[in-house]
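Please find below some remarks on the model, set out as numbered points. They concern salt bridges, the interface between chains, two residues in their surroundings, one helix and the cysteines.

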2 protein chains.
Amino acid sequence: MDFSSFLTSLGTSFVIFLVLMFLFAWLSRRPSNHVIYYPNRIMRGMDPYEGIRLTRNPFTWIKEAVSSTEADVIKHSGVDAAVYFVFLSTGTVYITVNYLKIEGIGKCNCKLNIHTHELEIGALGILVFSGILLLPVLLPIAYTAKNKIDANETTSEGTFNELDKLSMGHIAQKSDWLWAFVAATYWVSFVTYYILWRSYRHVSNMRAEALMSPEVKNEQFAVLVRDIPAPEKGQSINEQLESYFKAIYPDTYYKAMVITNNKVANKIYAELDGYRKKLARAEVIYAESKGTANPEGTRPTTRAGFMELIGKKVDALEYYDKKIRELVPKLESEQKIALKDKQQSAAVVFFNNRVTAAAAGQCLHDTMLDKWTVMDAPEACQLLWTNLSKNFYERLIRQYVVYFIVFLTIFFYMIPIGLISALTTLANLEKLVPFLKPVLEQSMIRTILGAYLPQIALIIFLALLPSFLLFLSKAEGIPSQSHAERAASGKYYYFSVLNIFIGVTVGHTLFDSFKAIEDNPNSVFDVLAASLPGSATFFLTFVALKFFVGYGLELSRIVPLIIFHLKKKYLCKTEDELKEAWAPGDLNYGTRFPDDMLVLTIVLCYSVIAPVILLFGVLYFGLGWLVLRNQVLKVYVPSYQTYGRMWPHMYNRVAVSLLLYQATMVGYFGAKEFIYTPVLIPLPILSLLFIYFCTMKYYRFFQSTALDVACRELKETPNMEGVFRSYVACSLSTEKTAEVVQFVDDLAHVTRPGSAV
Amino acid sequence: MDFSSFLTSLGTSFVIFLVLMFLFAWLSRRPSNHVIYYPNRIMRGMDPYEGIRLTRNPFTWIKEAVSSTEADVIKHSGVDAAVYFVFLSTGTVYITVNYLKIEGIGKCNCKLNIHTHELEIGALGILVFSGILLLPVLLPIAYTAKNKIDANETTSEGTFNELDKLSMGHIAQKSDWLWAFVAATYWVSFVTYYILWRSYRHVSNMRAEALMSPEVKNEQFAVLVRDIPAPEKGQSINEQLESYFKAIYPDTYYKAMVITNNKVANKIYAELDGYRKKLARAEVIYAESKGTANPEGTRPTTRAGFMELIGKKVDALEYYDKKIRELVPKLESEQKIALKDKQQSAAVVFFNNRVTAAAAGQCLHDTMLDKWTVMDAPEACQLLWTNLSKNFYERLIRQYVVYFIVFLTIFFYMIPIGLISALTTLANLEKLVPFLKPVLEQSMIRTILGAYLPQIALIIFLALLPSFLLFLSKAEGIPSQSHAERAASGKYYYFSVLNIFIGVTVGHTLFDSFKAIEDNPNSVFDVLAASLPGSATFFLTFVALKFFVGYGLELSRIVPLIIFHLKKKYLCKTEDELKEAWAPGDLNYGTRFPDDMLVLTIVLCYSVIAPVILLFGVLYFGLGWLVLRNQVLKVYVPSYQTYGRMWPHMYNRVAVSLLLYQATMVGYFGAKEFIYTPVLIPLPILSLLFIYFCTMKYYRFFQSTALDVACRELKETPNMEGVFRSYVACSLSTEKTAEVVQFVDDLAHVTRPGSAV
């Protein structure tokens with residue numbers, strides 16, 4: 001790809017982005033689309049336009065995004081979303097806004113709400129601060145260098161000549177100008193330290209404030225207890241829990257809820273729920289059929305056999321009703337069985353104040369670590385019930401097995417893909433799926449399939465990878481959804497950095513230059529020096545093309561919109577089904593974040609080698625910030641709250657990328673035969689020290705709640721019975737409150753006198 | 001040293017041991033020596049012979065030692081001493097006793113109290129179990145091997161031929177007999193795993209039982225708070241502590257005591273104390289001078305100048321009395337100043353129950369780890385007051401500086417010693433200390449000094465090393481004496497293993513064989529294979545000679561006895577001075593343990609190469625167990641209690657030695673050109689896994705108190721005022737109780753109503 005075609009595709013993507021943005025502006029104003037563009041506001045019971053001045057201006061959303069504060073984000077989408085923005089960072093926006101103001105644009109009437117609160121800065125800030133110094137200094141040096149020295153170096157010939165001139169590859173070996181690049185390497189590192197340090201403190205304060213909140217949060221009164229030893233004979237697990245925790249916390253222990261094996265109950269409950277939905281749907285269809293032409297209506301029918309696809313035709317309404325009446329007692333008896341006989345060695349224990357719960361989550365209870373493991377309880381909605389009863393050693397072994405599988409996945413994922421594509425050759429396909437034969441015999445389809453089958457296997461693999469990694473993380477025995485997503489996100493990050501970034505760089509270097517090295521083994525450094533900037537142009541294209549189309553699609557929500565309208569038209573009959581169709585889901589930063597990190601890693605690593613990449617990095621994170629700010633405020637609804645527990649992971653990944661960048665630079669300066677390369681050696685050491693200090697100072701608060709934070713006053717005395725009930729699994733609770741109370745009492749067995757608030 | 005001279009010196013040491021033992025039996029029966037041989041019993045107010053049948057049998061002490069139980073040790077010397085015995089281990093004793101019983105000796109009347117409680121096993125157990133299999137199997141193999149294959153190998157010629165025949169060096173290269181040694185390597189490793197695992201559990205139970213004790217232990221009600229941030233304006237540190245901890249622990253907070261800078265007060269107090277002792281002494285001298293010849297007596301005199309050596313003569317009684325009367329008000333005013341103006345950023349905080357104190361010591365209090373650091377309070381007697389107020393970062397930096405100095409000490413200690421010996425040449429000595437010139441001119445002294453000055457410097461260095469390491473450990477900012485001693489012990493262990501064990505082996509290999517390697521570089525493996533057993537004979541001598549003389553001196557307590565009698569005769573006048581002269585001190589396992597570990601490391605590393613060493617190892621630990629059991633039950637008095645916190649350190653050191661052993665074996669089999677050497681590779685991996693699991697399961701309870709243990713019932717309601725007062729520094733408390741209360745109130749400032757028990 002030469003420079004003009006790069007510019008062309010850049011221009012095209014930009015045009016696509018603009019088109020999508022105008023589409024968004026137009027579509028989002030139609031009331032029938034509001035559930036797609038404002039679901040967050042609708043679900044919170046707000047008017048979609050509340051607090052927004054209606055204009056026909058397609059850029060209004062930008063103004064809204066820029067003028068929103070961190071407090072708005074926390075209000076609409078919680079601390080976790082705000083933390084993600086700290087990572088994406090508002091640094092440039094702040095700076096840009098101030099700059100614009102100074103430059104006179106501030107005098108025009110576009111009243112921008114300038115943030116007066118503490119500067120939040122993250123990835124964007126790193127790139128902006130780096131760019132401010134690097135672009136005006138390094139680009140002229142690189143550009144003028146070649147004019148002086150005209151050695152016959154092997155830069156990526158014919159491709160991107162104009163950009164190559166702006167890269168470090170253009171500087172001659174051993175040139176004194178390299179000192180400027182050394183200084184730039186230090187500058188980028190120090191900027192990163194400064195911003196990471198500030199951000200960590202900022203996020204820590206944000207977390208503290210959220211946890212100090214006077215609102216009653218159920219999970220702050222509970223701890224999760226695992227690895228409960230077998231009770232003594234004649235003692236129920238509940239009695240055992242009661243006597244154990246009452247001895248330690250005589251005044252603050254409230255109740256314990258033993259985790260039960262709900263597999264069967266869940267299955268019945270899901271079946272029951274399905275029939276209820278179907279019944280509601282059939283009723284709507286029946287009501288609709290009662291037109292003027294047919295005042296009696298047509299009673300819908302279904303089949304009584306497997307999957308309702310075979311068997312004799314029956315009246316749907318009656319059939320579903322019968323099924324429901326059969327399942328309700330079945331569920332009730334199973335609930336009783338589960339509560340009585342399927343108790344597991346785990347429990348949620350409730351305390352009547354936050355300090356005790358926070359302290360209990362941090363303390364060693366038994367002398368052996370593998371018994372009575374106590375940890376902060378996650379929210380009830382994100383408990384992974386089946387994992388709770390896995391014992392200490394099972395968890396440990398599962399964890400290492402999973403790590404090993406992930407290791408294999410990262411390093412040898414090409415092998416199964418190769419195998420699958422070998423097995424799914426055309427000949428095999430014809431044998432396995434004979435009815436496809438006539439299709440496969442078409443010569444065009446044959447050619448396309450023949451050429452693309454391996455790529456298709458790869459694409460399918462990459463598309464399934466996040467789910468596969470999430471599945472693996474859950475298999476580790478992690479107790480909460482959020483924790484599993486964090487773990488999966490980490491695995492995905494290492495996969496992308498190792499395979500995409502390092503893979504492409506090394507691949508590019510090896511394959512393009514194998515011949516040159518074969519001819520003259522000593523030229524390996526020259527080749528490396530020439531290849532790194534070559535890969536830079538590849539990544540520049542990657543970053544540049546990725547964000548316009550990606551963020552355009554994100555903003556316009558074309559795909560969810562089409563799916564929603566299709567479902568609405570052909571599938572949804574009841575109100576509930578409709579609601580399900582437009583449910584926005586959450587920000588899902590578990591998979592979003594590793595993608596961002598890949599871009600940040602690439603930009604950071606090439607920031608000094610090819611500073612132009614910084615511009616695209618700033619654009620990526622700036623645009624991302626704008627688009628996602630809009631989405632977080634109006635679209636996505638968080639499905640859980642972790643109060644910023646994702647931050648240490650983000651911090652660690654940025655720190656790893658920084659180390660990778662520093663190692664790359666040491667290697668690259670070495671390849672440039674720059675004899676003062678050792679002046680860069682202190683950098684990685686400094687980074688390790690920085691990481692160590694930063695983690696030590698801040699990390700523990702992200703593991704557990706500081707008591708100083710937990711001891712703040714509450715707005716009201718917590719309703720402990722309500723807190724307790726919020727943890728009852730839905731398959732164990734029934735609609736009638738009386739029955740819930742019955743079950744709850746079954747669960748708690750012995751209630752402390754006077755503890756019911 | 002050839003075999004016969006080895007046997008001679010072994011015999012000599014044995015005779016020395018026997019002589020010392022009979023000396024002990026004779027001396028310990030003389031009532032005037034009881035304070036030296038039974039100080040533990042005397043200090044506990046027991047009769048020296050209580051519960052002991054008096055006989056003239058010089059072996060009685062052995063019977064007493066063997067028949068004593070772990071409970072006796074805990075009663076007399078605390079859990080820490082018992083833990084040391086778990087390390088030394090009673091395994092063999094148990095086995096031996098049972099064996100003897102079976103063999104018929106049990107039928108005779110020497111009623112041995114056989115332990116029915118859980119088998120305690122440690123270093124001794126490892127060696128015994130290893131020896132049971134290794135000696136009968138490997139020795140015949142090694143001895144017969146050479147007879148078959150008569151290659152011209154270079155075993156350490158002329159020295160220890162008989163022993164060499166019993167070592168693995170005697171087996172030919174690539175011999176199939178090596179498989180037996182492979183099996184032996186595995187056996188020793190598994191024995192060590194088994195014993196370490198059992199011992200860890202046993203010690204953990206012991207610690208739990210001691211901490212569960214219904215006795216009120218002051219330190220269990222207190223936590224140490226460091227890094228207290230500067231209080232707000234107008235607020236005292238006491239008020240700040242009060243408001244902070246009362247918010248978190250509203251029901252259980254009792255009082256806080258701010259640490260003050262007592263440097264000046266301590267100095268005055270020490271001076272005052274000195275004068276008081278001198279006054280008491282002078283009074284005794286005056287009373288004694290009142291004989292029949294001189295009924296008035298002679299009033300003792302002293303000098304009023306520097307160190308009481310110069311200046312005009314004065315009446316001692318009057319002079320001391322005047323000084324004391326001067327110092328008392330000075331101390332009192334300084335006490336007030338310290339309490340008011342010299343408050344530091346550290347405090348001891350008291351709770352009125354054990355669970356809260358144990359929980360507080362484990363919890364994060366502030367969101368930042370570098371503020372409000374809370375940890376379990378050490379006993380008042382072992383607080384290192386000056387370290388308490390050192391802040392988080394100062395501690396961190398000090399720690400790393402100390403680690404660096406220790407690193408330098410371990411690897412480069414020869415350099416300063418070389419420098420010192422270079423500076424203290426005879427010529428320099430003559431210049432520096434001219435008055436020694438006549439002595440130094442004596443030709444014999446000249447020769448001796450010339451030859452031995454460097455060695456003397458080395459001996460002085462090695463003698464001072466433990467104190468130097470303790471000084472360094474204290475300089476790290478560690479808050480308690482026991483912790484500092486554990487840290488120093490670890491440093492000392494690494495010093496001895498690296499310098500003595502590895503130093504000697506490598507030195508032996510390198511220096512002896514440098515020529516052979518120079519001639520034929522490929523012979524390096526042959527040389528190594530030949531040298532390891534060579535070093536083994538050196539270490540065999542080392543171990544064999546060390547214990548008889550060392551333990552003989554330990555048992556007979558000749559040196560303390562002589563010192564005591566000299567002091568009693570010439571120096572001590574008052575009762576207090578006499579008590580000071582026979583005060584036995586504690587077991588001091590901080591320096592004792594690294595020595596044992598060095599022996600264990602050596603024996604373990606050579607257990608397969610030269611199995612005979614196992615016999616001497618068993619003798620060393622068996623004799624050590626006997627002698628120290630006697631000393632612990634009758635002599636030493638522990639100066640602090642840590643409830644077995646030393647154990648994880650012991651465990652770690654044994655584990656490190658095990659790894660060293662396995663690495664040695666892999667290397668040695670490699671040197672034997674045994675092509676199946678890789679079958680040993682799983683061993684170090686297995687060891688690392690074992691260490692990881694074991695530490696994970698057990699270690700946390702040694703860091704902090706499990707709540708299940710802390711919540712046990714107390715015998716009586718603790719007298720919180722007494723607990724509080726036990727932490728007042730002696731230089732801040734005065735004799736008059738009323739004044740103490742005054743100071744205590746100054747310290748606590750605001751007392752909770754109703755909290756004074």
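1. In this predicted model, B:Glu577 and B:Arg281 form a salt bridge, with their closest N and O atoms 3.2 Å apart. The pair links distant parts of the chain, since B:Glu577 belongs to helix 23 (residues 575-582) of chain B and B:Arg281 to helix 11 (residues 263-289) of chain B, 296 residues apart. B:Arg281 counts as partly exposed, because its relative accessibility is 23%. In chain A, salt bridges that share partners join A:Asp273, A:Lys277 and A:Glu580 into one network.

2. A second pair in chain B is B:Arg395 and B:Asp227, which form a salt bridge with the closest N and O atoms 3.1 Å apart. B:Arg395 lies in helix 15 (residues 392-412) of chain B and B:Asp227 in the loop between strand 1 (222-226) and helix 10 (237-248) of chain B, so the salt bridge ties together parts that are 168 residues apart in sequence. Both B:Arg395 and B:Asp227 are buried.

3. A salt bridge within one helix is found in chain A, where the side chains of A:Arg325 and A:Asp321 meet at 2.7 Å, N to O. Both residues lie in helix 12 (residues 316-341) of chain A, four residues apart, about one turn of the helix. A:Arg325 is exposed, with a relative accessible area of 57%, whereas A:Asp321, at 30%, counts as partly exposed. Over all chains, the search of the whole structure finds 33 salt bridges.

4. The interface of the two chains brings 37 residues of chain A into contact with 37 residues of chain B. The area buried between chain A and chain B is about 3,100 Å², and carbon and sulfur atoms give 68% of it. A:Leu364, A:Thr367 and A:Lys697 supply 19% of the area that chain A buries against chain B, more than any other three residues.

5. As to polar interactions, two salt bridges are found across the interface of chain A and chain B. A:Lys697 and B:Asp370 meet through their side chains in a salt bridge of 2.6 Å, N to O. The interface also holds 14 residue pairs in polar contact, both residues being at pLDDT 80 or more. Helix 27 of chain A gives the largest share of the side of chain A that touches chain B, seven residues.

6. A:Ser704 is placed in the loop between helix 27 and helix 28 of chain A, and it is buried, with a relative accessible area of 7%. Beyond its neighbours within four places in sequence, A:Ser704 is in contact with A:Arg207, A:Gln362, A:Asp376 and B:Leu364.

7. A:Ala358, in helix 13 of chain A, counts as buried at 6% relative accessibility. Residues up to four places away in sequence aside, A:Ala358 touches A:Asp376, A:Thr705, A:Leu707 and A:Ala710. The C-alpha atoms of A:Ala358 and A:Leu707 are separated by 6.6 Å, although these residues are 349 residues apart along the chain.

8. Does helix 24 of chain B have mostly covered or mostly uncovered residues? It is mostly covered, 16 of its 18 residues being buried. At 1.5 Å a residue, helix 24 (residues 589-606) of chain B should span 26 Å, and its end C-alpha atoms are 25 Å apart, which agrees.

9. The structure holds zero disulfides over all chains. B:Cys711 is buried, with a relative accessible area of 15%; its sulfur is 12 Å from the closest cysteine sulfur, in A:Cys363, too far for a bond. A:Cys381 is exposed, with a relative accessible area of 56%.

Definitions and conventions. Residues numbered from 1 in each chain as written. Chains lettered and ligands numbered in written order. Predicted model: local features only at pLDDT ≥ 70, side-chain atom pairs only at ≥ 80, totals over all residues. Heavy atoms only, no water. Disulfide = S-S within 2.5 Å. Buried < 20%, exposed > 50% of the residue type's maximum accessible area, 1.4 Å probe, protein only. Helix = DSSP H or I, 4+ residues; strand = E, 2+ residues; numbered from the N terminus. Expected span 1.5 Å × (residues − 1). Contact = heavy atoms within 4.5 Å. Buried area = accessible area lost by both parts, 1.4 Å probe. Salt bridge = Lys/Arg side-chain N within 4 Å of Asp/Glu carboxyl O. Polar contact = N/O pair within 3.5 Å; in protein donor to acceptor, adjacent residues only side chain to side chain.
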